[in-house]
Amino acid sequence: MTDPLVTLDGLTVAFDDRPVVDQVNLSVHRGDIITIIGPNGAGKTTLIKSVLGIQKPSAGEVRLVPGMVIGYVPQHLVLESTLPLSVKRFMMLTGHSVSECRAALDKTGVGHLLDASVHHLSGGERQRLLLARALVRRPDLLVLDEPAQGVDINGQASLYQLIRQLRDELNCGVIMISHDLHLVMAATDRVICLNQHICCSGHPADISQDPAFIETFGHDVARSLAVYHHDHNHAHNLHGDVVEGDDGHLAHKECSGYAHP
Ligand SMILES: Nc1ncnc2c1ncn2[C@@H]1O[C@H](COP(=O)(O)OP(=O)(O)OP(=O)(O)O)[C@@H](O)[C@H]1O
């Protein structure tokens with residue numbers, strides 16, 4: 001495996017001697033999609049700010065591959081509402097050419113909005129614009145802070161799908177914060193459950209059964225997530241009945257559920 005793009009080594013950030021990120025070890029490689037979940041105030045944004053270099057660690061360190069490019073997608077696009085601003089002009093503020101900006105907008109599915117006003121975009125279109133602004137830099141690492149905020153449920157699913165597709169195309173690493181637990185479970189490779197320290201981490205299918213996850217999010221959340229996961233130890237016949245597989249085990253081949261690992 002290649003060297004990680006980012007390594008957090010005992011990262012600790014304290015405000016007034018209160019650690020809000022406590023001894024976090026984490027590495028992100030090319031191709032990884034890592035999602036940070038956790039309750040309000042758990043230190044998720046602080047951790048991401050440390051990766052971006054805008055929050056200094058109190059202890060430990062953040063190591064980045066030298067020369068690496070980071071594309072950042074904030075939660076919201078904050079704009080002066082009285083200032084007329086087209087999508088094209090907004091993108092060109094990055095210093096990239098029109099053709100590069102257009103290519104990035106095409107990639108995120110909003111190339112047709114080049115001449116539209118940014119003030120008139122829907123929630124989903126705004127998030128795609130912010131993603132295009134991050135992509136135009138051809139990042140090695142994409143950092144997203146709740147990218148699906150203000151986007152409806154169908155829009156959220158396609159936004160997460162787009163993030164996976166961009167990861168494949170750019171071969172970048174992705175680290176994001178999300179509160180949309182069901183979508184996270186379907187769209188990510190590794191979940192980090194943060195509550196100052198890392199409570200638990202792992203594949204989405206496994207994490208909902210972790211006692212630390214249940215302690216942080218409660219039984220109801222864990223149970224509702226567990227609905228989407230089941231062991232592949234049996235098969236269904238055309239009537240949906242469970243049947244035994246060829247190898248004597250019960251195999252679950254015909255079910256096309258939500259989040260099969
Ligand atoms: N600059 C700062 N000075 C003092 N306290 C801060 C500062 N930034 C964050 N905090 C505190 O650190 C804690 C973690 O904040 P952070 O924004 O990282 O949490 P979060 O997990 O992203 O929360 P949310 O899900 O609510 O966005 C909070 O208690 C917050 O008030």
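Trainee: Two residues are in contact if their C-beta atoms, placed from the backbone, lie within 7 Å. Among contacts in the protein chain with a separation of 6 or more, what percentage comes from residues 24 or more positions apart?
Mentor: This is a predicted model, in which local features need pLDDT of at least 70, side-chain atom pairs count only at pLDDT 80 or more, and totals for chains, interfaces and linings use all residues. Residues are numbered from 1 along each chain as its sequence is written. For contacts with a separation of 6 or more, the part due to residues 24 or more positions apart is 63%.

Trainee: Which helix gives the most to the shell around the ligand?
Mentor: The ligand is surrounded by ten residues that include Phe-15, Val-20, Gly-38, Lys-44, Thr-45 and Thr-46, each having its C-beta atom, placed from the backbone, within 6 Å of the molecule. Helices here are DSSP runs (H or I, at least four residues), as strands are (E, at least two), both numbered from the N terminus. With three residues, the one that gives the most to this shell is helix 1 (residues 44-52).

Trainee: Does Ser-178 count as buried or exposed?
Mentor: Ser-178 sits in the loop between strand 7 (173-177) and helix 6 (181-187), and, leaving aside residues up to four places away in sequence, it touches Thr-35, Ile-37, Glu-146, Ala-148 and Val-184. A residue is buried if 20 or more other C-beta atoms, placed from the backbone, lie within 10 Å of its own, exposed if 12 or fewer, and partly exposed in between. Because Ser-178 has 22 C-beta neighbours inside 10 Å, it counts as buried.

Trainee: How far apart in space are Ser-178 and Tyr-160, C-alpha to C-alpha?
Mentor: Along the sequence, Ser-178 and Tyr-160 are separated by 18 residues. In space, their C-alpha to C-alpha distance is 11 Å.

Trainee: Which strands are the edge strands of the open sheet with the order 2-1-4?
Mentor: The open sheet has three strands with antiparallel pairing, where two strands pair if DSSP finds at least two bridges between them. Each edge strand pairs on one side only, and these are strand 2 (18-28) and strand 4 (59-64).

Trainee: Which residue in strand 4 stands opposite Asp-9?
Mentor: Strand 1 (residues 6-15) pairs with strand 4 in the antiparallel sense over five bridges. In strand 4, the residue facing Asp-9 is Glu-61.

Trainee: How many strands does the protein chain have?
Mentor: Of the 261 residues in the protein chain, 33% are buried. Alongside its eight helices, the number of strands in the chain is eleven.
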